[in-house]
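Morning, everyone. Please have a look at the model on the screen, and then I'll walk you through two topics.

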Amino acid sequence: MSAVPLLEVDEVVAGYGELRVVQGLSFTLAPDEILAIVGANGVGKTTLLNALAGQLRIWSGRVLLNGERLRLRRAHDVVRGGIALVPEGRHVFASLTVEENLRVGAHTRHARRDVEADIERWYSTFPQLQQLRRRPAGQLSGGEQQMLALARALMSRPRVLLLDEPSLGLAPQVIESVFEFIRAVRKEGTAIVLVEQNARLALETADRALVMQRGRVALEGPARELARDPRVRDVYLGRRETSVTPAAAEPNLESEER
Ligand code: ATP
């Protein structure tokens, strides 16, 4: 790992009104790395990603990309800075065509020829998208919309991709192709922060992982080691594969000996 991490999240605090959700959370991300964030429902994973994407104001803390502090005030600046979010529920522009969605993803870039080249590149990666290029995105299946949302986020050529629940609502075979694509994106040099309700899938896919509890990092380590950790297995990898773990049912991992 290089001395300066690609992304450094330092004591970030964020929430809504009086509600402090993310409570001083820190982590680093290396280039080409997939970091999974697992945790019970409602622990604040989406809130964290939205804060890192500039869509929710952070109350305090810092976010550095390549050692430089990011201005998180406007989502636009964050995208220009090199971070792109694929939000939970995908949020493609339903009335725009597939191709128009991809162009919207490139709105922070000026070199038109490069944008066209990237569109062609994503079409060769996802031939289905090419076939659907003139179709309104609202008519696509869930899996196709997830592929489009990923390709659209990549149109800004981010260095860090934030993925919020990419498997949500998709059939198992479709999930497999979405995750194949996620691994391919990392191989091509984009680092990924992956929030995923299916903790097993998240830990199989990621290099490192952290467990979020009470708005903080409770455990952190290589994903394979965390997958073997009995505390993680019991709470997040039990029979309930889709992690419906209510926060109240979790043991406090921070207070236990590792
Ligand atoms: P899930 O897996 O269920 O999406 P999560 O870990 O992503 O959970 P968040 O969606 O970040 O959790 O929610 C964290 C807390 O913040 C919850 O208590 C939730 O009720 C609250 N919350 C989320 N969005 C808002 C909002 N827009 N306004 C007020 N409170 C919110």
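Start with the shell around the ligand. Which helix gives the largest share of that shell? Helix 1, residues 45-52, with three residues. Keep in mind that this is a predicted model.

Now the full list of neighbours. Tyr 16 and Val 21 are there. Then comes a run: Ala 40, Asn 41, Gly 42, Val 43, Gly 44, Lys 45, Thr 46 and Thr 47. Glu 88 and Glu 165 complete the surroundings of the ligand. By type, the shell holds four nonpolar, five polar and three charged residues.

Next, some distances. Look at the backbone of Gly 42: a polar atom there sits 2.7 Å from an oxygen atom of the ligand. Val 43 also uses its backbone, with an N or O atom 3.1 Å from a ligand oxygen. Thr 47 uses its side chain instead: an N or O atom there is 2.5 Å from an oxygen atom of the ligand. How much of the ligand does the protein bury? Taken alone, the ligand exposes 630 Å², and 58% of that is buried by the protein.

On to the helices. Two packed helices are described by the angle between their axes and the distance between the axes.

First pair: helix 3, residues 98-105, and helix 4, residues 112-125. Their axes are 10 Å apart, and the packing angle is about 130°. Helix 3 and helix 4 are therefore oblique to each other. Their crossing is right-handed.

Second pair: helix 6, residues 142-154, and helix 7, residues 172-187. Here the axes come within 10 Å and cross at roughly 15°. Under 35 degrees counts as roughly parallel, so helix 6 and helix 7 are roughly parallel to each other. Left-handed or right-handed? The crossing of helix 6 and helix 7 is right-handed.

How values were computed:
Residues numbered from 1 in each chain as written. Predicted model: local features only at pLDDT ≥ 70, side-chain atom pairs only at ≥ 80, totals over all residues. Heavy atoms only, no water. Near = heavy atom within 4 Å. Polar contact = N/O pair within 3.5 Å; in protein donor to acceptor, adjacent residues only side chain to side chain. Areas by Shrake-Rupley, 256 points an atom, 1.4 Å probe, with all protein chains shown as cover. Helix = DSSP H or I, 4+ residues; strand = E, 2+ residues; numbered from the N terminus. Nonpolar A, V, L, I, M, F, W, Y, C, P; charged D, E, K, R; others polar. Axes fitted to C-alpha atoms, helices over the stretch in contact; angles between N-to-C directions. Parallel < 35°, antiparallel > 145°, perpendicular 65-115°, else oblique. Left-handed = near helix turned anticlockwise from the far one by under 90°.
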